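Please open the structure in your viewer and keep the selection panel at hand. This tour goes from one selection to the next and says what is there at each stop.

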Amino acid sequence: MNLKLDQLDQIFVILNNWLLGYLPPVVRPLCSSILAIALILVTFALLFAITTVLERKGLGRIQNRFGPNRVGPCGFLQPIADGIKSLTKEDIVPNPADHVVHFLAPVLLVAAAFMAYAVLPIGRNMILVDMNAGVLYFFAIGSLMELAVFMAGWSSRSKYSLLGAMRAIAQMISYEVPLVLASIVVIMQSGSLSTVSIVNMQATYTGIWPHWFVFTPWGFAGFALFMIAATAESNRSPFDLPEGESEIIAGYYTEYSGFKFALFFLGEYIGMFATSAMAITLFLGGWSAPFSFLTWIPSYFWFFAKLLTIILTFIWVRGTLPRLRMDQLMNLAWEFMLPMTLLNLLTAGVWHFMPAGALRWLICGAMVVVPCILLSRGLKQRKKFQVRKYRFSE
Amino acid sequence: MNVSFILLAIITVVGTAAAMGMRNAVHCVLALTVGLAGVAALYLQLGAQFVGFTQIMVYVGAVAILAVFAIMMTHSPEPAKPPTFSSFWTVGSVVAASVFAVLAWAIHSSSLAAHTLPPQPEVTVQQIGDALMHRFVLPLELMGLLLTAALIGAVVIAMNHREEIK
Amino acid sequence: MVGKGIIKGMVETARNFLGSYVSKQRLTTIQYPEERAPQIEAARNFPFLVFDGTDAEQGLRCVACQICEKECPPKCIFIEKSKDKKPDATGKMQFYPATFNIDISVCMSCQICVEVCPFDSIKMDVVYDLSNNDRFAGLLLHKQQLAKSNEYYNTIHPTEAAAVDAHFAEERAKAAARVKAAAEAKLAAEAKAATDAKAKSETTLADTQAQPVGGGTR
Amino acid sequence: MNSLQNYLLLSSLLFSIGLAGALIRRNAILVLIGIELMLNAANLNLIAFWRFGPNPAALTGIMFAIFSISIAAAEAAVGLGIILAAYRHSKTTDLDRMNSLRG
């Protein structure tokens, strides 16, 4: 029985090896990578399709509507209809646009978004490349997306696109700092930049409880900061100023239509999944089960369960929070997130050098919570985060 | 000489040459990113993974974006396009060509050609971190100081002194 | 503390999300082609022609007076008068429209035709899904499409239709009374003529025998 | 086969391209980029010498390259800041027209 469950866990690895057994050894590494890449492409494109319909239905329910419910059972075939629609639409390129760059931007965005999956462990032994500097690779690839956004905004020769791109880049650069700094605590603790060893470190248990980094004061703070920065990094609401449709139409992809627009959509969602998967890898124990008695469930199931939970939380947040203003966004990044991540680094250091026990918990918890409260209160008093006052309503 | 090196070399040289020769400044920066990504790939080929990814992160993610932002912010409203190259471009290119000729001659005539590829050393990030924290801790601190100074300096220089104007 | 409002909002949206599955009252959307929102009585969009009884051709109230055609601001009504006559709603012999077309792509739903119609024959309809594949011929409604029964009118605008019906009943009663009065008058005249003639004959019988017995009904 | 000489030639070519760009371009930002290119050529040299050198385990070349990249980033930030300040002053980034000492 136990052996069989192990086989279920490793079914994709076994299948891969079995398929490769029929091939000459020279082409085996190449074919193995191609298989894995194809699998990742298909899986996450499918996840994108599911997410779009889940998001639309979820947002609808949050706003007391039905959401899409026409195509297929309960509207779950809506993405197919959307895909057909965007494929058959005319691809309009503005006349003054820089055609080559205009074409390359969505391609680069999607390519960069998919490239990030190379270092994300989806299950036990299920990773494309176990790189020594995996986390660094992830952030390096993330910076490619900024370039794609700039290319899209600049090549369209439209003021809305340009403004959207400027906003997007300013936001992405600002939030990349807290994103990287929030993940550095994990790197400090695990002493490795390899995603596989980070996950392996978390996949152990005391009693039934796992050693996920999120279950420590610095880990929890780091996770919260990472998720806020990831929301901003993937241009999701409430940080979706780059595409604030009430101000600048659709931001940097205003001038895109048809399939290129769909590619932007795809790239954005794939990037969001990648950042979420990175958060899972760094803080939520990657593919490891939440309790030791649940380890018999295949590892990839846990990975996708966690990913789906985070995606649903993203949708929930999107349905709840209103969009920030540009100055609020920047203030949050530089005056709240950055000091908090730096303090979190210090907390992680203190945690590392203190003996285990209740005192460590107390001190580290206080080191995270007290500055957070003080900082937020101070910023509130300085009217940096005030409650919005509407002049013309009420 | 293997295929990957030739390919990467071509990408790098074409990218950087385009970066220095194209008319549109934004195109130049985009070509530059291609060239610098080629350099990063060369680092990876040489086994310096950390440096390669740092190169991508710093140059593509930061320097190129900064340059592009600077180009956007200094976009001159005048419609007439200024000539791409300066008035003494012949002198400049002659100097560059002669520098290359001298360097190439030096490399060609040196005894370095005898060196062949030694076995790939295992460079983990752990080793780099250890080295940074032990042998190179003073340069690291200096670097931190320099970067802080540069950060503050750049902000002070580029900041719009609106109060003074008022 | 920062974040209290965020948590409050998250709880509210979660309650909405779960509540929309539990109670149907929360959902404000109506599944359009299957369900339709109830319309208020004053709803109106395009005009139609009312007919009485069951036969659209016979019961049509319109008498082709062409007032609506003249009054229509965008000139979307086209009427062709018939050569012969047929009894109208009150039984009077009237012309009727041989052709009655309304181009609803031109109509601006101003209801002026309804206001000016002296015969209460053109009224405003409430059908709003009139989209069509053919934007020229498909949106030009002919008499057959326009004619709708008085019962239908009663269902869409009950109060207004009741008033119109009462008015018509009154008119019909008046007409009937008039007919009756005319008949009575005729009868009376006949009777009077008869008695007159009788009396005359009686009185003049002796005088003149050659007087014929005249009708005198007209 | 894949000898040090090739890497050195490539890096000298990069250096020359960067030098040519820095000398002949009129746009100040592109001149800065040319300087960045020259720094990159030096970095490539450092990595190549580290890889082909007698003692790769010492990581000296990698350290040097990392520091050099950091310096390049700092230089780019300050340089672009200076260019922005100069632009605000003279309303141009054309080096041929930035020729008066009086602003």
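The bounds of the domains used at the opening stops come from an automatic or database domain assignment. Please also keep in mind throughout that this is a predicted model.

**Two domains of chain A**

Begin by selecting residues 12–88 of chain A, which make up domain 1, and then give another colour to residues 89–379, which make up domain 2. If you place a marker at the centre of each of these two domains of chain A, taken over C-alpha atoms, the markers will be 21 Å apart.

Now turn to the place where the two domains meet, where 20 residues of domain 1 of chain A are in contact with 18 residues of domain 2 of chain A. On the side of domain 1 that touches domain 2, select the helices α2 (11–20), α3 (28–62) and α4 (78–88) of chain A, each of which supplies at least two residues. Which of them gives the largest share of that side of domain 1? It is α3(A), with 14 residues. If you colour this side of domain 1 by residue character, you will find 13 nonpolar residues, five polar ones and two charged ones.

**A pair of helices in chain A**

Next, select helix α5 (residues 99–115) and helix α11 (residues 258–283) of chain A, whose axes come within 8 Å of each other and cross at roughly 25°. Because angles under 35 degrees count as roughly parallel, α5(A) is described as roughly parallel to α11(A). The crossing of α5(A) and α11(A) is left-handed.

To see what fills this contact, show the side chains of α5(A), among them Pro106(A), Leu109(A) and Phe114(A), which belong to the group that meets residues of α11(A) including Leu263(A), Phe264(A) and Ile270(A). The residues of this contact between α5(A) and α11(A) divide into ten nonpolar, two polar and one charged.

**A sheet in chain C**

Finally, move to chain C, where an open sheet of three strands has the order β2-β5-β7, with antiparallel pairing. The edge strands of this sheet are β2 and β7 of chain C, each of which pairs on one side only.

Select strand β2 (residues 77–81) together with strand β5 (residues 97–103) of chain C, and you will have the antiparallel pair that is joined by five bridges. Within this pair, Phe78(C) has Asn101(C) in β5(C) as its bridge partner. Then add strand β7 (residues 140–141) of chain C, which runs antiparallel to β5(C) and is joined to it by two bridges. Here Ile102(C) stands opposite Leu141(C) in β7(C).

Conventions: Residues numbered from 1 in each chain as written. Chains lettered and ligands numbered in written order. Predicted model: local features only at pLDDT ≥ 70, side-chain atom pairs only at ≥ 80, totals over all residues. Contact = placed C-beta atoms within 7 Å. Helix = DSSP H or I, 4+ residues; strand = E, 2+ residues; numbered from the N terminus. Nonpolar A, V, L, I, M, F, W, Y, C, P; charged D, E, K, R; others polar. Pairing = 2+ DSSP bridges. Axes fitted to C-alpha atoms, helices over the stretch in contact; angles between N-to-C directions. Parallel < 35°, antiparallel > 145°, perpendicular 65-115°, else oblique. Left-handed = near helix turned anticlockwise from the far one by under 90°.
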